[in-house]
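Reader: Hi! I'm new to this one, could you walk me through it?
Author: Happy to. Let's put it on screen and start with one residue.

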Amino acid sequence: MTVNHQHLRAFHAIAVEGSFSRAARRLNVAQPTLSQQIKALENRHQAALFQGRRPPLRLTSMGQDLFALTKRMFATSDEIDELLGGEAEAGPRSIRLGSDSPIYAARLAKAVMASHPEAAIEVRIDNARETMRRLQEASVDVVVSSDPPMDGQFFYEPLFADYLMVAVPSSHSRAKDGLINIEALAHEPLLIREPASKTRAAMEMLLATANVAPDCLIELHSREAIREAIALGMGVSLFFSSECPPDARLAFLRPTPQAERAQLIGYVVCRVERRRTALMRAVFAAAETLKPLSPLPLPGLSHPVEAAPLVARAAALAAVRSRPGRRSHAERRRGPEGGAAQQT
């Protein structure tokens, strides 16, 4: 039984977008048309592909298997089109960019638009793990990823290297010092990101290198929330320098000493077989114009950090996370015996 290619494209767009309405806009067709195509596909093959039609859409087991195939199918179709010269002269028609860094995603999108104003650009912001998963599944074409895992199926081009800054309220006694010793953070309420955050990993590496265990940790799950909490005097935190825009309520101090392993390297990453396509040539050319903006000199690499330093990072992080005497804000409030802490 021959599969209708148009029906597969409709299914793939809905699975990628997670919504009939967004998929309809992506394909530039009416939503009822898309619904009819999915119904025809399911009826023709006697297979339910979605668990209902209301959001959030969920794929059935059969739908998940089909989605895995259509991701490879349409990625290969695009590569064939580019190989045969379909985009060689005109440049990329569309670019799906994923990133764990909003700042560098915006910069790269702007640089691509400057050289290819006709290209439609779609940007998805996720955490580092989700960003690489999207590239793996071909739901994005290229990503900007911070310290991504090393994998032979991907090609990596360094884009930026960054270092940590300590953010304190503008009223802080050290706000005008310019520098701050890492040991001073041991007695400050430290505002931290969620465990999967690259900023938190780098912060913990910096603390571990200096053998510092903060007395009080308060976990907040976004840069914006932490920035507001600092302004309110709840504590201090660390950001990468590119995430420190001018804010009269805050002061940013360079921590000393800096640990090289606590620095962050961001890469433009694509699948190896796609690195010479017209799309990727356009992206890499745009990335070259951004490299002079890197806060630190870029390493001469075309692959991520080697495995040995990564193992060393993991060991150091495990050590600092298990260090005795390290207490969260909630534990501090409970006091030493589990009851409420006394007020003084």
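Reader: What stands opposite P158?
Author: That's Y267, which sits in strand β11. Keep in mind that this is a predicted model.

Reader: How many bridges join β4 to β11, and do they run parallel or antiparallel?
Author: Eight bridges join them, and the two strands run antiparallel. Strand β11 covers residues 264-271.

Reader: Cool. What's the strand order in the sheet?
Author: The sheet is open and has five strands, in the order β2-β1-β3-β11-β4, with mixed pairing.

Reader: Which strands stand at the edges?
Author: Those are β2 (120-125) and β4 (154-162). Each has a single partner strand, so one side of each has no neighbour in the sheet.

Reader: And how much are neighbouring strands turned against each other?
Author: By 20° on average, ignoring direction.

Reader: Which strands does helix α6 lie across?
Author: Helix α6 (residues 128-136) lies across β1 (94-99), β2, β3 (142-146), β4 and β11. Relative to β3, α6 runs at about 155°.

Reader: Switching topic: at what angle do α5 and α9 pack?
Author: Helix α5 (residues 102-115) and helix α9 (residues 278-290) pack at about 115°, and their axes are 9 Å apart. The crossing is right-handed.

Reader: Which residues make that contact?
Author: From α5 they are R107, L108, A111 and V112. From α9 they are V283, A286, A287, T289 and L290.

Reader: How do those divide into nonpolar, polar and charged?
Author: Seven are nonpolar, one is polar and one is charged.

Definitions and conventions. Residues numbered from 1 in each chain as written. Predicted model: local features only at pLDDT ≥ 70, side-chain atom pairs only at ≥ 80, totals over all residues. Heavy atoms only, no water. Axes fitted to C-alpha atoms, helices over the stretch in contact; angles between N-to-C directions. Helix = DSSP H or I, 4+ residues; strand = E, 2+ residues; numbered from the N terminus. Left-handed = near helix turned anticlockwise from the far one by under 90°. Contact = heavy atoms within 4.5 Å. Nonpolar A, V, L, I, M, F, W, Y, C, P; charged D, E, K, R; others polar. Pairing = 2+ DSSP bridges.
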